[in-house]
Amino acid sequence: MPVRVLPRDVASSIITGTVASLGWAIGAATLVLGIPVVLETTARAGRLSAAILPCSLLVLMLVSLGFVVWRARVWAVAAYLAVGFVASTAYELTLLMALPGSIDTQIYLLNRPAVALVLVGLAARSPVAGVGWSVLGFVVSTASTFVVSSLGGVPIRPGYGPFVVVVISLTAYLTLWGVQMVQRRRIPNIEELEAENDRLTHGEDLALRTTAAVHDTLLNDLSIVMNAPDALDTRARSRLRQDLETLNGAEWLDASSKLTVVDEQDTSLRNDVMRLMSGFQWRGLSVHVTGSGDGIYQLEPAIATALVDALGAALENVLRHSGATVAEVELVYEPEAITIMVADEGVGFDPAKVAGDRLGIRASIDARIAAVGGTVQIWSSPGSGTSIVMTVPVRSVLREHDAPHHRELG
Amino acid sequence: MARGSSAVSAQQLDPLTWFTGRVVPLVFAGLVVLYGAFRVPTWLTSPLPLLQPIGVVLCAGACVLVYLLTRPLRRQLGWAGGIATVLIAGAGVIVSSIGYSGVNISIELWWAPFGFALAIASLAPYLSARRVLVLGGISTVIVTVLAFWFVDADITVWGPLSSMVIIASPMVCGLLAAVTFSLVLVRRMTPVIEQRSRMVLPLETTDATAEQVERLRLARLSARAVPFLVGIADTGRITPTDRALAGSLARRLRDDLVTQSNLTWLDSIAEDSRLVVIDPEHRAARMRPPQRIALRSLLRAVLDTPGADSSSLLIELRGRPDGATAVGISMDIDLPEGRRIMHLAPYYLTLRTEVDDMTWDATSLSFTSP
């Protein structure tokens, strides 16, 4: 799971795009707010009918603006500038004909479309593009003023509006550019940090597997040597060799990188469990299994391995520490999970008082099952036995067992 | 995200951008001063010319206030900060309109509504769209009406409706810009962040270096026991000396395994630094990957800080009755506050997105890992 912080390039792109939306909104507001000014000013001059065309042109620019927002393509923005140029020129000429004195005192009224044209510069995805569009919009609006001057025979007076807007736009984009520059220097690279965390997590996972494997092989074998009779029988020697081969191979160190294709008829998990129980029965622990049936449930290879190893560790605990000679193993199957309960009626223990240096349950059961997304619950108290319940997720159910919740390990 | 786009601020979603982007209100303050200065000739036409610079200072001051209230270690800007900002900027407009009362000015070039608009816009990254709309909407209406009341009698070029629209236009545009910015940014950013937080990072399963390191560790752990057990398996005989040696090897092996099992990811940092880790309950192992990434990067940044006494860096993790983990970090960094903040704040802000109840001062940092 990554950190809830966006990589800087993603955040910068979203922010620049948002500023573009902001420009469209201000442009639209400028055009809309221009309409009542046109209406009142022409009405005061007794030329209300002359407001129809300018207002229509403002509406045309609004529609064009809406189209650009809808399409959001470069050609649409260019088309808006072209339409805007024509509309702005026609707007100013129409008003100048109706209100000849407005060129001296009411430039604000005349340059509303020109201001909206400059705001098209905010349709950008990067600060550099934003600057380019702003300058282009300003050039188009200024060109419109020149054409009006030429056709209308009036002085060139673009007013301060377009200039102020282009200054604000350029300031906004330069600020944004500066912010993004600072970010590149100061902000941690989240993706690099996540990659480093992955590497460390992988290393920790490998260390965990090694600890569990060494505990279950070397440590147990040394314990056998300490407590065995002077002569080891063939089976005990074979077990020692098997454990040493496991250590030499160290396959668990690259197990997670393997992609295992599971055969539907694969019964390796069941066979592993049966072999495990047979081994414990031979060592003097009677294992009673309940919950078997004819269902077929598939587990991820890593989960199956963890489950068998954890089951082995649980039975090892019964054999070595409980004092009991019988262990009950119950298999409970549900569509999403398999649960294995290992219970004994031995001496039990107080889980809260287990010393921090005891590895058996922590490394061999808890950590193994947790590492594959499962859960472990332990109930025990001195004198009343122990129950260990391990639950792991199922990948798929090929065939459900008849008896609900009590199905065969497949 | 449970809350709608209008209820979350851009800063809440993306604190890192607005840490580096906190200069924005200062830029706006600069624009206010620049535009106000551009209209200095009109100040002199007023019977009370001093009111204009006072108004400029108030409007620019409102932007500066936003800058000060949003410094990295402060809490999120709330209603109080927003109200203070619009009150100061609004006062600037009113003061300016009183100054221009009785003067025939070009209201379309009046700097004050423009200054108010920039003050509202400076709130955009730090307040939710809803709050900006409420604060900006109400204040725009009130300021427009009051300003119109003071200056309208002297305006001859425009009709009353046009005057009001012209006065309100910059403020409406500023408000619209702020609301649009906050709303659109949050709406666009939220799904990206949520998608990212749901993403499962591919685990490095082919890290040959890590596997090699682990194989070496395994070789070290088993160096003495394996040859011993091979001999036992070959002969099938166990002598009292073998039993004693097996016991000795088992004890040593067990100690090594316990030591390894007790190590957490924090200890891996401590191994190659002078970080002191106090984590008797192994609480570090319970932290989620994003919390680890954020905390690890902060600790690395502290260790890399020039002037930091790396031997003073201590982290302590303790369980709380509610199951959460309380984390405390103490450090001794001999840097001026400004430089310390600039260096560490990005890491602090990253960590703050992943933990609760975070506090930070010059020598310590604490938070709760839920």
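How many residues does the contact take from chain B and from chain A? I looked this up before anything else: 83 residues come from chain B and 76 residues from chain A, where two residues are in contact if their C-beta atoms, placed from the backbone, lie within 7 Å.

**Conventions.** I am working with a predicted model, in which local features need pLDDT of at least 70 and side-chain atom pairs count only at pLDDT 80 or more, while totals for chains, interfaces and linings use all residues. Residues are numbered from 1 along each chain as its sequence is written, and chains are lettered from A and ligands numbered from 1 in the order in which they are written.

**Interface.** On the side of chain B that touches chain A, I found that helix 9 of chain B gives the most, with 19 residues. By class that side has 46 nonpolar, 19 polar and 18 charged residues; here Ala, Val, Leu, Ile, Met, Phe, Trp, Tyr, Cys and Pro count as nonpolar, Asp, Glu, Lys and Arg as charged, and the others, Gly among them, as polar.

**Chain B overall.** I noted 15 helices and 5 strands in chain B, taken as DSSP runs numbered from the N terminus (helices H or I, at least four residues; strands E, at least two). Of its 370 residues, 46% are buried, a residue being buried if 20 or more other C-beta atoms lie within 10 Å of its own, exposed if 12 or fewer, and partly exposed in between. Among contacts in chain B between residues at least 6 apart in sequence, 77% join residues at least 24 apart.

**Cores.** I then turned to the largest nonpolar core (buried Ala, Val, Leu, Ile, Met, Phe, Trp, Tyr and Cys residues joined through C-beta atoms within 7 Å). This core has 154 residues, and B:Val32, B:Cys59, B:Cys63, B:Phe116 and B:Ala178 have the most contacts inside it. Its largest share, 20 residues, comes from helix 9 (residues 160-198) of chain B. Apart from it lies another core of 33 residues, among them A:Val287, A:Ile303, A:Ala304 and A:Ala313. Beyond its neighbours within four places in sequence, B:Cys63 is in contact with residues including B:Pro25, B:Phe28, B:Val32 and B:Leu118.

**Sheet of chain A.** I traced an open sheet of 5 strands in the order 1-3-4-6-5, with mixed pairing; strands pair if DSSP finds at least two bridges between them. Strand 1 (286-290) and strand 5 (375-380) of chain A stand at the edges with a single partner strand each, so one side of each has no neighbour in the sheet. Strand 1 of chain A runs parallel to strand 3 (residues 326-333) of chain A, joined by 5 bridges, and A:Ser286 has A:Val326 as its bridge partner.

**Sheet of chain B.** The 5 strands here form an open sheet in the order 1-2-3-5-4, again with mixed pairing. Strand 1 of chain B pairs with strand 2 (residues 314-319) of chain B in the parallel sense over 3 bridges, and B:Ile278 stands opposite B:Glu316.

**B:Gly99.** I found B:Gly99 in helix 6 (residues 79-99) of chain B; B:Gly99 counts as buried because 26 C-beta neighbours lie inside 10 Å. B:Thr45 is 54 residues from B:Gly99 in sequence, yet the two are 9.5 Å apart in space, C-alpha to C-alpha. Leaving aside neighbours within four places in sequence, B:Gly99 is in contact with B:Ser46, B:Leu48, B:Leu51, B:Gln52 and B:Gly55.
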